[in-house]
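Here is a short tour for anyone opening this model for the first time. Have a look at the sequence and the fold, then read on.

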Amino acid sequence: MLARKGLLPDGFLLTRLAEDQNQPNRSRSRSQRARFITKSGSCNVAHKNIREQGRFLQDVFTTMVDLKWQHSLLIFTSAFLCSWMLFAMIWWLLAFAHGDLEPRHPGDESGPIPCVTAIHSFTSAFLFSIEVQVTIGFGGRMVTEECPLAITVLIIQNILGLIINAVMLGCVFMKTAQANRRAETLIFSRNAVIAPRNGRPTFMFRVGDLRKSMIISATVQLQVIRRTVTAEGEVIPVCQLDIQVENPLRSNGIFLVSPLIVSHTMERGSPLYELSAQSLASEDLEIIVILEGVVETTGITMQARTSYTPEEILWGRRFVSIITEEEGRYCVDYSKFGNTVPVRMASLSAKELDQTRGVQEGGSDVHLQGWGLVRAGRGGFRRGGRACNSATSQPWYAQSEKPDDELEQKGQKKKVQLEVIGRQIDEDGLGDMSD
């Protein structure tokens with residue numbers, strides 16, 4: 001549809017078709033899963049057995065705006081036709097009661113003055129009703145001063161006609177200026193990818209705006225919908241979990257001046273922390289993307305939505321670059337908008353990768369034990385330490401304790417620890433000072 005409108009080149013659609021053929025279609029082997037949000041952004045939820053239907057009539061305007069175009073046009077036409085027919089009947093009854101429908105000679109002006117001139121049948125009354133409500137005024141029919149009731153009916157029909165015009169035109173304007181109309185030119189990549197970024201598995205998708213007018217205060221929100229079971233055994237069919245978008249500003253705001261790759265790091269605390277390449281195909285989840293902002297030209301708040309199921313998430317692939325610099329400005333090639341390339345990536349989940357790295361780092365750590373200050377003489381200290389694998393820490397200067405008798409028998413000198421030497425020197429010094 002966008003290609004027919006000239007918004008997208010034909011090569012974009014051809015590339016997307018080639019991309020779909022090259023990528024494995026995992027959904028063909030089993031029945032298609034239900035999803036809450038379709039790729040076009042509409043809600044795929046059917047409401048049944050609603051007993052209080054009268055609640056919709058309490059908000060008639062919103063109900064009429066939510067209707068389809070064919071239903072809205074039918075109500076629009078029926079409202080005018082019914083009002084014209086109703087007041088045509090009233091004008092005909094007034095003319096009948098006043099005796100204006102009796103046949104008269106064309107040149108006879110001596111009869112009573114009619115309430116409305118030139119009304120001879122129901123057809124002429126219907127034409128006069130259209131002239132009054134639409135304010136055409138052909139000049140052949142008009143209300144006279146003879147019947148005050150006719151003047152009252154004229155005022156009522158004019159007021160009612162203005163109300164119908166205001167409501168119907170307001171509905172048409174709101175339907176044409178709905179927020180989802182601006183979302184037609186916001187495109188999302190057909191597939192999302194999971195690839196390493198800065199050493200961490202990252203969930204990524206691409207979003208772009210085809211118009212030159214900006215989306216002010218654009219924000220992106222990600223949610224995971226999955227079926228969960230509580231510790232008590234309660235089954236929650238729809239469990240919504242927020243996903244933090246990777247942004248240095250710690251917010252979900254984006255500047256959509258060109259197509260962007262929105263990413264989410266699969267780290268501890270993420271709903272995708274335990275997702276691996278093997279469990280991806282069997283996961284019952286849906287990642288919903290919601291983009292909100294204010295249209296620059298109209299000031300209307302808009303919202304664009306899409307979703308990704310496990311069949312639409314590609315493991316170990318990365319989006320290609322589509323922005324180039326030519327003649328002092330940046331150019332975007334939308335024919336490569338959804339193209340991806342394979343990258344080297346482990347099939348483990350982020351949790352398993354963290355556990356593996358923790359084991360490797362734990363085995364390669366060197367624990368320095370007995371590290372500290374050691375007294376080495378009068379008022380002096382030295383720092384030392386050694387690596388050991390034993391559970392008990394020992395200072396670097398500790399020697400193997402052997403009995404003194406054994407050392408003396410071998411003719412070796414007795415080794416004295418530095419602290420003992422220092423203590424003796426201090427005592428000798430104090431003794432000299434006392435003398």
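What share of the contacts in the chain with a separation of 6 or more comes from residues 24 or more positions apart? The share is 65%, where a contact means heavy atoms within 4.5 Å.

## The ground rules

This is a predicted model, so to speak a computed one: local features need pLDDT of at least 70, side-chain atom pairs count only at pLDDT 80 or more, and totals for chains, interfaces and linings use all residues. Residues are numbered from 1 along each chain as its sequence is written, and side-chain values use heavy atoms, with hydrogens and water left out.

## The whole chain

The chain holds 11 helices and 16 strands. Both kinds of element are DSSP runs numbered from the N terminus, with helices being H or I of at least four residues and strands being E of at least two. Of the 435 residues in the chain, 33% are buried. Here buried means under 20% relative accessible area, exposed means over 50%, and partly exposed is in between, using a 1.4 Å probe and protein chains only.

## Helix 5 and its neighbours

Helix 5 covers residues 122-134, which makes 13 residues. From its first C-alpha to its last it reaches 18 Å, close to the 18 Å expected at 1.5 Å a residue; the expected span is 1.5 Å times one less than the number of residues. Right after helix 5 comes T135, with a positive phi near 55°.

The buried residues of helix 5 are S124, A125, F126, F128, S129, I130, E131, V132 and Q133. They pack against helix 4 (69-98) and helix 6 (148-176). On the helix 4 side, you can look up M89, which is found in helix 4. M89 counts as partly exposed because its relative accessibility is 38%. M89 and F122 are 33 residues apart in sequence, yet their C-alpha atoms are 7.4 Å apart in space.

## Where helix 5 crosses helix 6

The axes of helix 5 and helix 6 come within 8 Å and cross at roughly 60°. These axes are lines fitted to C-alpha atoms over the stretch in contact, and angles run from 0 to 180 degrees between N-to-C directions. The crossing is right-handed, meaning the near helix is turned clockwise from the far one by less than a right angle (anticlockwise would be left-handed).

Helix 5 brings S129, V132 and Q133 to this contact, while helix 6 brings L154, Q157, N158, G161 and I164. They divide into three nonpolar, five polar and no charged. In this count Ala, Val, Leu, Ile, Met, Phe, Trp, Tyr, Cys and Pro are nonpolar, Asp, Glu, Lys and Arg are charged, and the others, Gly among them, are polar.

## Strand 4 and its partners

Now for the strands, where two of them pair if DSSP finds at least two bridges between them. Strand 4 (residues 215-229) runs antiparallel to strand 8 (residues 285-295), joined by 10 bridges; Q223 has I288 of strand 8 as its bridge partner. Strand 4 also pairs in the antiparallel sense with strand 6 (residues 253-254) over two bridges, and there T219 is matched with G253 as bridge partner.

Strand 5 (residues 235-243) is antiparallel to strand 4 too, over seven bridges, with I236 as the bridge partner of T228. Five residues lie between the strands in this hairpin, and G233 takes a positive phi near 90°.
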